[in-house]
Amino acid sequence: MLFYIFLKEEKNLLIQLKEKSGKDLIIDCSLNILPLKSIKFIETFQRNSNYCFVIIIPLGMKHSYPSEWVVVPTKKEALDFIAFEQMPVSYTHLRAHETKA
């Protein structure tokens with residue numbers, strides 16, 4: 001399941017997150033950038049819940065975020081990332097990785 005938020009106001013964001021917890025999350029900050037503190041909280045929550053988290057921001061601002069975060073400039077790229085992460089991996093593929101170690 002996926003939850004997409006087009007951010008208009010930060011104050012409503014935490015309410016929306018509580019209502020929709022337990023889903024992969026895309027937050028569109030293309031017009032309104034969240035404070036880094038808020039994004040860190042959300043990223044930690046999603047990671048600890050084992051759900052994807054993607055942030056949409058203008059391309060020129062990507063350098064402002066940690067490199068391990070998934071930051072993309074468009075909704076299409078965010079949706080593509082979530083879809084790719086949800087693809088099932090075959091048992092044979094997993095065994096191949098185990099035997100390489």
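These are my notebook entries on a predicted model, taken element by element.

**Entry 1: strand E2**

I began with strand E2, residues 24–28, and asked how many of its five residues are buried. I found that five of the five are, so the strand is largely enclosed by the rest of the structure. I then looked at the two faces separately, recalling that in a regular strand the side chains alternate between the two faces of the sheet. On one side of E2 I listed Asp24, Ile26 and Asp28, and on the other Leu25 and Ile27, and all of these are buried, which leaves both faces covered.

**Entry 2: from E2 to E3**

Next I looked up the pairing of E2 and noted that four bridges join it to strand E3, residues 53–56, with the two strands running parallel. Within this pairing, Leu25 stands opposite Phe53 in E3. I followed the chain between the two strands and saw that it passes from E2 through helix H2, residues 36–48, before it reaches E3, and that this β-α-β crossover is right-handed.

**Entry 3: strand E3 and its other partner**

For E3 I checked the directions of the side chains, and I wrote down that Phe53 and Ile55 point one way while Val54 and Ile56 point the other way, all of them being buried. E3 also pairs with strand E4, residues 70–72, in the parallel sense, over three bridges. I looked for the bridge partner of Ile55 in E4, and that partner is Val71.

**Entry 4: salt bridges**

I then asked how many salt bridges a search of the whole structure finds. The search gives two, and I took them one at a time.

In one of them Arg47 is joined to Glu43, with the closest N and O atoms 3.1 Å apart. Arg47 and Glu43 are four residues apart in helix H2, which means that about one helical turn separates them. I compared their surroundings and noted that Arg47 is partly exposed, at 46% relative accessibility, whereas Glu43 is buried, at 14%.

In the other, Asp80 is joined to Lys76, with the closest N and O atoms 2.9 Å apart. Asp80 and Lys76 lie four residues apart in helix H3, residues 75–85, so they too are separated by about one helical turn. Here Asp80 counts as partly exposed, at 40% relative accessibility, and Lys76 counts as exposed, at 58%.

**Entry 5: back to Glu43**

I returned to Glu43, which has its place in helix H2, and asked which residues it touches when those up to four places away in sequence are not counted. Glu43 touches Phe53 and Trp69. Phe53 is the residue of E3 that I had already noted opposite Leu25, and Phe53 is itself among the buried residues of that strand. Glu43 is buried as well, with a relative accessibility of 14%, because that value lies under the 20% cut-off.

**Entry 6: cysteines**

Last, I looked up disulfides and found that the structure holds zero of them. I still recorded the accessibility of two cysteines: Cys29 is buried, with a relative accessible area of 0%, and Cys52 is also buried, with a relative accessible area of 16%.

Terms used. Residues numbered from 1 in each chain as written. Predicted model: local features only at pLDDT ≥ 70, side-chain atom pairs only at ≥ 80, totals over all residues. Heavy atoms only, no water. Disulfide = S-S within 2.5 Å. Buried < 20%, exposed > 50% of the residue type's maximum accessible area, 1.4 Å probe, protein only. Pairing = 2+ DSSP bridges. Right-handed = clockwise from strand over helix to strand, strands pointing away. Salt bridge = Lys/Arg side-chain N within 4 Å of Asp/Glu carboxyl O. Contact = heavy atoms within 4.5 Å.
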